[in-house]
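Colleague: Got a minute to go through this model with me? I'd like to hear the reasoning behind the labels.
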Amino acid sequence: MTLDADVFRTEHRLITVQQHILQEQKRFPGASGEFSWLLSGITLATKMIQAKVRRAGLSDILGTHGETNVQGEVQQKLDVYANEVLAHCLSVRESIGVLASEENEQPIMVHNNSPAANYAVVFDPLDGSSNIDVNVSVGTTFSILRRPEGASLDDHESWLLQPGRKQIAAGYVVYGSSTILVYSVGNGVHGFTLDPAVGAYVLSHPNMRMPEQGKYYSVNEAYRDTFPPRYGEYIDRLRHGALGHRYASRYIGSMVADFHRTLLKGGVFLYPPTTDRPEGKLRLLYEANPVAFLAEQAGGKALDGTRCVLDVQPSSIHQRTPLVVGSRVELAEFERIAAV
Ligand code: AHM
Ligand code: MG
C-alpha cells in the first residue's frame, strides 16, 4: 500500500500545542527546550484537571474539602486537587524556581538551589470554582515571569512582583463544552482544543483577534448600586445605543469563561470596585494579568479603571484589582467617559 502524500498533508495535518511551543521558543535565544518542558507541565496538569472536572458528578469530588464520603475517605475539593496537580507537575521542571497560587498564602520555592531555575509561574488552579457543582464552565489561568537579572534564588518577591508587561507567557484553559487552551508568548494568541480521542491539544484557533467591537457587556449587575457612579453611566451608554447598537448582557461568573467569550465575540467584561471590595475582587497576578496580556496580544485592551493593567506594579502576590477588559471600541468609550 502506498501513502497518498497529498491527502496526508492536507487532511491529516494536526499541529499540537507541543509542536507549536517548540516553534515559539525559538523566540527565546538560549531557552534550548527548557521553555517547552516548562509549558508541558501546564498542559499535562490541565489535562489531569479536565479529566476530574468531566467526572465531577460521578466521583467523590463535589463538596467541601475535609468532609468524609460514604466510603469513609476524605473528600478532596476540586480546586485543592487542581492546585496539587499543578504544583506537582511544575515543581519537577528544573527551570522553575518559584510558584505562586491563589490557593497558597505563601509562594512555593521549588528551585532546589539549581542555577538553572529561571522562571516563576503564578496560577489560579480553578477559577470560578463555585460554578463546578452546577455544571458551568470553570478554568485555569497562568502567567510566567522570568527571574530578574541578578535576583537571588530565594528573593521570591523580586521574581513575582513584576508588572504584567514583563510576562513572557500567559494563558488559560476553559473546561467548558470542550476543553480549550489559549496562550501567548507575546507573538499573537493561539487556541488549542483538547481532542479527547487522542489526548492532545490541537491547534483550532490560530492567531486569535478580538473583534473591534462586540454585542455584549459582562458584569455582575446585582452590585451595580455599589459601583462608582461612572461605571453605571458607562453601562447605561452601552445599553442605550451610544456605541451604535443596544448591548445585550452575558455573565457566567467564571472570569475565564466570560473572558473567553469576550475574546471570541468582542465586547467588554468588567469587575469594578464595589463598596464591599473597593479594590475589586479579581487578583492582579494570576487573574487580571494573564487576560490583560492575551487581550492586548489579540488587539484589545485591559484597564484597572484608569491605567493599563499590565503597567501596574504589584506590591503583594494576592493583590486585587478592578478590571475592565475587551474590544478597542468599548475600551475607548470607557476611557472617554469613565477612566478618570
Ligand atoms: P474565585 O477565584 O474564587 O473563583 O473568584 C473569582 C471569580 C471569577 O471567576 C468571577 O469573575 C468572579 O469571581 C465572580 O464573582 P461574583 O460572584 O462576585 O460576580
Ligand atoms: Mg479565581
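What follows is a chat about how those labels are reached.

Modeller: Sure. Keep in mind that this is a predicted model.

Colleague: What makes Asp124, Asp127 and Glu287 the residues that coordinate the magnesium ion (ligand 2)?

Modeller: Distance. A donor has to be an N, O or S atom within 2.8 Å of the metal. The OD atoms of Asp124 and Asp127 and the OE of Glu287 sit at 1.9 to 2.4 Å, so they count as donors. Along the chain, the spacing of these donors reads D-x2-D-x159-E.

Colleague: Why do you say that aspartate 124 and glutamate 287 tie parts of the chain together?

Modeller: Because aspartate 124 belongs to strand E3 (residues 119-127) and glutamate 287 to helix H8 (residues 284-297), and the parts they link are 163 residues apart in sequence.

Colleague: And why is aspartate 124 called buried?

Modeller: Buried means under 20% relative accessible area. Aspartate 124 has 1%, so buried is the label it gets. Glutamate 287, at 5%, counts as buried too.

Colleague: On to ligand 1. How do you know that methionine 255 makes a polar contact with ligand 1?

Modeller: The test is a pair of N or O atoms within 3.5 Å. A polar backbone atom of methionine 255 is 2.7 Å from an oxygen atom of ligand 1, so the pair passes. For tyrosine 271, a polar side-chain atom is 2.6 Å from a ligand 1 oxygen. With lysine 281, the distance from a side-chain N or O atom to an oxygen of ligand 1 is 2.9 Å. On its own, ligand 1 has 470 Å² of accessible area, and the protein covers 81% of that.

Colleague: What makes isoleucine 252 partly exposed?

Modeller: The label is for values between the 20% and 50% cut-offs. Isoleucine 252 has 33% relative accessibility, so partly exposed fits. This residue is in the loop between strand E10 (248-249) and helix H7 (255-265). Together with Val134 and Val136, Ile252 makes a nonpolar surface patch of about 220 Å².

Colleague: Why do you single out the phi of asparagine 112?

Modeller: Because most residues other than glycine have a negative phi. Asparagine 112 is not a glycine, yet its phi is positive, at about 50°. Asparagine 207 also has a positive phi, near 45°.

Colleague: Is asparagine 112 buried or exposed?

Modeller: Exposed means over 50%. Asparagine 112 is at 70% relative accessibility, so it counts as exposed. At 52%, asparagine 207 is exposed as well, and its place is the loop between strand E8 (200-205) and strand E9 (216-218).

How values were computed:
Residues are numbered from 1 along each chain as its sequence is written. Chains are lettered from A and ligands numbered from 1 in the order in which they are written. This is a predicted model: local features need pLDDT of at least 70, side-chain atom pairs count only at pLDDT 80 or more; totals for chains, interfaces and linings use all residues. Side-chain values use heavy atoms; hydrogens and water are left out. Donors are N, O and S atoms within 2.8 Å of the metal (3.2 Å for Na, K and Ca); water is not among the atoms, so sites may look incomplete. Helices (H or I, at least four residues) and strands (E, at least two) are DSSP runs, numbered from the N terminus. Buried means under 20% relative accessible area, exposed over 50%, partly exposed in between (1.4 Å probe, protein chains only). Patches are made of residues with over 30% relative accessible area and no salt bridge: like charges are joined within 9 Å, nonpolar side chains (Val, Leu, Ile, Met, Phe, Trp, Tyr) within 5 Å. Accessible areas come from the Shrake-Rupley method with a 1.4 Å probe; for residues, only the protein chains shown count as cover. A salt bridge is a side-chain nitrogen of Lys or Arg within 4 Å of a carboxyl oxygen of Asp or Glu. A polar contact is a pair of N or O atoms within 3.5 Å; within protein, one must be able to donate a hydrogen and the other to accept it, and residues adjacent in sequence count only if both atoms are side-chain atoms.
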